[in-house]
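Please read these points with the model open beside you. They go from the second largest pocket to the helices and then to the core.

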Amino acid sequence: MAFSDLKFLFTAIIFLAGITLGWLYLRKPPTAKNPKAMALIGDRPWRRVGGAICILLSVMFVLGVYVVDVPDHPRVYAAFWTVMLVLVMWLMVLAARDLLHTRKIVAHWHETRRNDLESLTAPDSIDREDSEP
């Protein structure tokens, strides 16, 4: 396999993965149809922003590899890849935000389940000693 074939394969994989992930996150979540589930998890607008950034990064990556990759103009080259780096860092911040939100939801869910189980297994208000003849 020649270098240009590997370059094309690598950029195609990055492009398709970024577009697919971006499209999945830009769609409304399936829980949007269920108001009870949406009340539990809440709206996550940063996911749509992250999806848009994934799509933008995918397109910019392919353009950068094929158009800006040869540094004939070093300032344009440096500016382009700096913008790419800033977008990737922004995406990482959004991912961290989503992780913290998800951890909060899971902790709340565990607490609710624990409280439900405790209420089911709580002893009756009547003591067994008082009820024995």
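1. A definition comes before the pocket: Ala, Val, Leu, Ile, Met, Phe, Trp, Tyr, Cys and Pro count as nonpolar, Asp, Glu, Lys and Arg as charged, and the others, Gly among them, as polar. By these classes, the lining of the second largest pocket has seven nonpolar, two polar and two charged residues. Keep in mind throughout that this is a predicted model.

2. Which residues line the second largest pocket? They are L21, Y25, W46, R47, G50, G51, C54, L91, L94, A95 and D98. Two or more of the lining residues come from each of α1 (3–26), α3 (45–68) and α4 (74–121). The biggest contributor is α3, with five residues. The volume of the second largest pocket is about 180 Å³.

3. The protein chain as a whole has five helices and zero strands. Its pattern along the sequence is therefore written α-α-α-α-α, as helices and strands are numbered from the N terminus. Of its 133 residues, 19% count as buried. Among contacts between residues at least 6 apart in sequence, 72% join residues at least 24 apart.

4. How far apart are the end C-alpha atoms of α1? They are 34 Å apart, and this agrees with the expected span because 24 residues at 1.5 Å a residue should also give 34 Å. The expected span uses one less than the number of residues. The buried residues of α1 are T11, G18 and G22, and what covers them includes α3.

5. Is S58, a residue of helix α3, buried or exposed? S58 counts as buried because its relative accessible area is 3%, and the cut-off for buried is under 20%. Leaving out residues up to four places away in sequence, S58 touches I14, F15, G18 and I19. One of these, G18, is also among the buried residues of α1.

6. The largest nonpolar core has eleven residues: W46, I53, L57, M60, F61, V65, V68, F80, M84, L87 and L94. The elements giving two or more residues to this core are α3 and α4, and the largest share, seven residues, comes from α3. In soluble globular proteins, nonpolar side chains tend to be buried together.

7. M84, a member of the largest nonpolar core, is in contact with L57, M60 and F61, its neighbours within four places in sequence being left aside. W46 and L94 belong to this core and also line the second largest pocket.

Note on methods. Residues numbered from 1 in each chain as written. Predicted model: local features only at pLDDT ≥ 70, side-chain atom pairs only at ≥ 80, totals over all residues. Heavy atoms only, no water. 1 Å grid on protein atoms, 1.4 Å probe; cavity = no way out; pocket = protein on both sides within 12 Å on 5 of 7 lines; lining within 4 Å. Points joined across faces, edges and corners; volume = space filled by probe spheres on them. Helix = DSSP H or I, 4+ residues; strand = E, 2+ residues; numbered from the N terminus. Buried < 20%, exposed > 50% of the residue type's maximum accessible area, 1.4 Å probe, protein only. Contact = heavy atoms within 4.5 Å. Core = buried A, V, L, I, M, F, W, Y, C linked by side-chain atoms within 4.5 Å.
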